[in-house]
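This report describes a predicted model. The text takes up charged pairs, a helix, a metal site and strand pairing in turn.

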Amino acid sequence: MPKGTIIKALSGYYYVKSEEENEIYQCRGRGNFRKRKLTPLVGDEVEFESTNQTDGYVMEIFERKNELIRPPVANVDQALIIFSARRPSFKSLLLDRFLVHIEANEILPVICVSKLDLLEDDTEIAKELAVYRRVGYQVLETSSTEDKGLEEVRALFDNKVTVIAGQSGVGKSTLLNSLNPDLNLETNDISDHLGRGKHTTRHVELIPFGDGLVADTPGFSSLDFIDIEPEDLSIYFPEMRDLRPECKFRGCTHISEPKCAVKEALENDEIAQFRYDHYVQFLQEIKDQKRRY
Ligand code: ZN
């Protein structure tokens, strides 16, 4: 039976891109999915049956690696977080917020800084980006106007399912359209574009991009920490994650507990102060939220 990936779900139909010949098949879900409480999702890898391109059936859904709620996509390989160097200016607090959410969803984050040409002095941002690289993140520096770093970004999409994230107004669609003119993303910046008008159902679609697929709806539009427990927050900061077992107390929140390996690393400059400060701020937000519910 042929295999493929669901790239679009609309009005009860699933559009499956076949693995073999890259054709799109319009399919319905197999009748017993409902009984088994299964809903096929965009991004699902499936087996399907079809004699022609418009009357197929999705027969089996393979196990998911992960599953995003907003947008509803399964099997996301990576999130490309686009931030601009200027207009709006680079904000590491917001970037860290995205990173925590992406880490919590077990998706690989890749940081892409755009509009670097607008920066007269890049010492500050270079320092911050060095911290992210040291933590282990891949950081790409780009400028669409100067055609800088675009090849690197383009190569990133191959054989992967990518969700785009990032602050609004950074020119996500401009960047993506300049990488792939076939993409033709809507003129509005995709992240500023949460509703698609009152009368259309919001849906997500995976668009072929090189040898990969990109979600046409931005991910992680809601950035509150509702599903994160205070003692788990440091799991989503890679530089703290590795140190957690060395803290004296299990469930250490790295604030005022004695013999805390994270605080020790902070004092030795092995953890950047601004990352730790953001951690403390997020921890407080999580605690405040728990109190409210
Ligand atoms: Zn600790």
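## Salt bridges and their surroundings

The side chains of Arg64 and Glu67 form a salt bridge, with a distance of 3.2 Å from N to O. Glu67, at 45% relative accessibility, counts as partly exposed, and Arg64 is likewise classed as partly exposed, at 24% relative accessibility. Arg64 also meets Asp44 in a salt bridge, for which the N to O distance is 2.7 Å. Asp44 lies in the loop between α1 (32–35) and β4 (45–49), whereas Arg64 lies in the loop between β5 (56–61) and β6 (67–68), so this pair ties together parts that are 20 residues apart in sequence. Unlike its partner, which is partly exposed, Asp44 has a relative accessibility of 0% and counts as buried.

A further salt bridge is found between the side chains of Asp96 and Arg275, at 2.7 Å from N to O. Here Asp96 belongs to helix α2 and Arg275 to helix α8, so the pair ties together parts that are 179 residues apart in sequence. Both ends of this bridge are covered: Asp96 is buried, with a relative accessible area of 0%, and Arg275 is buried as well, with a relative accessible area of 1%. Asp44, Arg64 and Glu67, in turn, are joined into one network by salt bridges that share partners. The count of salt bridges in the model comes to 13, and those described here are set out in the table.

| Salt bridge | N to O distance |
|---|---|
| Asp44 and Arg64 | 2.7 Å |
| Arg64 and Glu67 | 3.2 Å |
| Asp96 and Arg275 | 2.7 Å |

In general, side chains of opposite charge can pair when their charged atoms come close.

## Helix α8

Arg275 leads on to the helix that holds it, α8. Helix α8 covers residues 273–292, 20 residues in all, and reaches 29 Å from its first C-alpha to its last, which is close to the 28 Å expected at 1.5 Å a residue. Its buried residues are Phe274, Arg275, Tyr276, His278, Tyr279, Phe282, Leu283, Ile286 and Gln289. Against which helices do the buried residues of α8 pack? They pack against α2 (92–104), α3 (123–135), α6 (238–241) and α7 (261–267); of these, α2 is the helix that contains Asp96, the salt-bridge partner of Arg275. An α-helix has 3.6 residues a turn, so residues three or four places apart point the same way.

## The zinc site

The zinc ion has as its protein donors Cys247 (SG), Cys252 (SG), His254 (ND1) and Cys260 (SG), which lie 2.1 to 2.4 Å from it. Along the chain these donors follow the spacing C-x4-C-x1-H-x5-C. Why is the arrangement around the zinc ion described as tetrahedral? The four donor atoms subtend angles of 104 to 116 degrees, and the arrangement counts as tetrahedral because all of these angles fall between 85 and 135 degrees. For comparison, the ideal angle at a metal with four tetrahedral donors is 109.5 degrees. Among the donor residues, Cys252 counts as buried at 5% relative accessibility, and His254 counts as buried at 1%.

## Strand pairing

Strand β8 (residues 78–84) pairs with β9 in the parallel sense over seven bridges, and within this pairing Ile82 stands opposite Cys112 in β9. Strand β9, which spans residues 108–114, is mostly covered, with six of its seven residues buried.

Ala79 lies in strand β8 and is buried, with a relative accessible area of 0%. When neighbours within four places in sequence are left aside, Ala79 is in contact with Ile102, Ile107, Leu108, Pro109, Val110, Val163 and Phe220. One of these contacts, Ile102, is 23 residues away from Ala79 in sequence, and the two are 7.2 Å apart in space, C-alpha to C-alpha.

Strand β5 has pairings in both senses. With β3 (residues 24–29) it runs parallel over three bridges, and the bridge partner of Cys27 in β5 is Gly56. With β4, by contrast, β5 runs antiparallel, joined by four bridges, and Glu49 stands opposite Tyr57 in β5. The link between β4 and β5 is a hairpin through six residues.

Technical notes:
Residues are numbered from 1 along each chain as its sequence is written. This is a predicted model: local features need pLDDT of at least 70, side-chain atom pairs count only at pLDDT 80 or more; totals for chains, interfaces and linings use all residues. Side-chain values use heavy atoms; hydrogens and water are left out. Helices (H or I, at least four residues) and strands (E, at least two) are DSSP runs, numbered from the N terminus. The expected span of a helix is 1.5 Å times one less than its number of residues. Buried means under 20% relative accessible area, exposed over 50%, partly exposed in between (1.4 Å probe, protein chains only). Contact means heavy atoms within 4.5 Å. A salt bridge is a side-chain nitrogen of Lys or Arg within 4 Å of a carboxyl oxygen of Asp or Glu. Donors are N, O and S atoms within 2.8 Å of the metal (3.2 Å for Na, K and Ca); water is not among the atoms, so sites may look incomplete. Four donors count as tetrahedral if all angles lie between 85 and 135 degrees; four count as square planar and six as octahedral if opposite donors are over 155 degrees apart and all others between 65 and 115; anything else is irregular. Two strands pair if DSSP finds at least two bridges between them.
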